[in-house]
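Dear colleague,

Please find below the structure I am handing over to you, together with its sequence. My notes on it follow.

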Amino acid sequence: MREIYLKAPAKINLALYIKGLREDGYHELQMIMQSISLADRIKLKKKSGGIVVKTSHVDLPTDEENLAYQAAEIFFEDHPEISEGVEIYIEKNIPIAAGLAGGSTDAAAVLNGLHLLFKKRMNYESMRKRLEIIGSDAPYCLEGGTVYASGKGEIIEELPFIGEKYLVVVTPSFKISTPKVYKLYDQLEKRYDSDFEAILDNLKNDNKINWNLDFKNDLKAAAEKICPEIIEIKDIFKNTKAKFTMLSGSGPTIFSIYSTRKEAEKVAAKWPRKNDFVTVVKTIDKY
């Protein structure tokens with residue numbers, strides 16, 4: 001086998017709570033993460049040596065800054081017996097710097113794909129540990145699904161799949177820096193208590209999700225301050241039949257869940273802000 005094709009699905013956050021600041025400078029998190037059908041497509045092709053990254057998106061770095069490149073470096077460091085290299089082509093469908101884990105999911109897909117391409121045994125636990133070097137979302141992106149993530153985001157507990165839900169995902173053209181959002185969050189004085197345990201109990205034990213529970217994203221106020229367009233997008237969603245609307249990650253992506261694909265497609269077709277990235281997707285189970 002000389003080449004392999006992969007999908008790298010995006011993720012959304014159904015909830016993101018911040019418990020506080022850790023001694024290592026990171027934030028202690030509690031998150032409900034969910035994979036969606038929006039995905040980058042990746043081609044891995046063996047070459048004589050080295051790592052080359054090519055991409056369909058001009059704003060995506062192709063050097064060591066690229067997380068997929070970093071994942072390939074990790075793989076070849078772990079397998080020094082391999083003399084060949086790899087060419088990585090990323091067809092970028094997930095918006096960049098959007099709170100959808102686009103870079104992390106590319107990295108996870110590449111690490112997984114290189115094991116397949118070079119016929120190396122896969123140990124998902126050790127692969128997740130290696131992906132922690134790249135970013136907090138990367139270990140989750142290795143298998144996706146519906147997950148409770150804690151710590152920095154690297155401690156993963158699999159939850160029952162929430163079922164196939166249809167979403168409209170909207171990303172304004174404004175890009176947000178995740179560190180900047182967290183820094184502003186730390187500067188804001190307001191803190192809110194949350195009943196995260198009730199959400200976990202509902203997702204683990206009930207057949208139907210109670211969207212009226214205390215689902216929220218603690219980064220919302222900071223993200224809205226940096227990108228006021230988030231508020232405009234949420235206001236548009238309010239005038240639709242959305243069952244649930246939430247900011248994903250550090251933003252600026254907002255998503256809403258609808259009862260049917262038809263309802264979601266109707267909202268997307270009539271979306272009034274012409275410069276936004278707008279797409280209809282569905283939730284997907286562990287892959």
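On the surface, Lys241, Lys262, Lys266 and Lys270 form a patch of positive charge. A patch here consists of residues with over 30% relative accessible area and no salt bridge, like charges being joined within 9 Å and nonpolar side chains (Val, Leu, Ile, Met, Phe, Trp, Tyr) within 5 Å. Lys and Arg count as positive and Asp and Glu as negative, while His and the chain ends are not counted; the charge is placed at NZ of Lys, CZ of Arg, CG of Asp or CD of Glu. Accessible areas were obtained by the Shrake-Rupley method with a 1.4 Å probe, and for residues only the protein chains shown count as cover.

The model is predicted: local features require pLDDT of at least 70 and side-chain atom pairs count only at pLDDT 80 or more, whereas totals for chains, interfaces and linings use all residues. Residues are numbered from 1 along each chain as its sequence is written, and side-chain values use heavy atoms, with hydrogens and water left out.

Within the positive patch, lysine 266 belongs to helix α9 (residues 261-269). Helices (H or I, at least four residues) and strands (E, at least two) are DSSP runs numbered from the N terminus. Lysine 266 is classed as exposed because its relative accessibility is 55%; the classes are buried (under 20% relative accessible area), exposed (over 50%) and partly exposed (in between), with a 1.4 Å probe and protein chains only.

A patch of negative charge is also present on the surface, made up of Asp195, Glu197, Asp201 and Asp206. Aspartate 195 sits in the loop between α5 (178-187) and α6 (196-205), and is partly exposed, with a relative accessible area of 43%.

Salt bridges are counted where a side-chain nitrogen of Lys or Arg is within 4 Å of a carboxyl oxygen of Asp or Glu. By this rule there are 25 salt bridges. Three pairs may be of interest to you.

- Lysine 43 pairs with glutamate 3, with the closest N and O atoms 3.8 Å apart. This pair links distant parts of the chain, 40 residues apart: lysine 43 in strand β2 (residues 27-47) and glutamate 3 in strand β1 (residues 3-21).
- Glutamate 77 pairs with arginine 130, with the closest N and O atoms 3.7 Å apart. Here too distant parts of the chain are linked, with glutamate 77 in helix α1 (residues 67-78) and arginine 130 in helix α3 (residues 124-131), 53 residues apart.
- Lysine 234 pairs with glutamate 224, with the closest N and O atoms 2.9 Å apart. Lysine 234 is in helix α8 (residues 229-238) and glutamate 224 in helix α7 (residues 220-226), so the pair ties together parts ten residues apart in sequence. Glutamate 224 is buried at 13% relative accessibility, and lysine 234 is partly exposed at 21%.

In addition, a network of salt bridges links Glu125, Arg128, Glu143, Glu158 and Lys286.

Two further residues deserve a note. Histidine 115, in helix α2 (residues 102-117), is buried, with a relative accessible area of 7%. Beyond its neighbours within four places in sequence, histidine 115 is in contact (heavy atoms within 4.5 Å) with Phe75, His79, Lys120, Arg121, Met122 and Met127. Isoleucine 155, in strand β6 (residues 155-158), is partly exposed at 46% relative accessibility. The C-alpha atoms of isoleucine 155 and glutamine 30 are separated by 9.7 Å, with their positions 125 residues apart along the chain.

With kind regards
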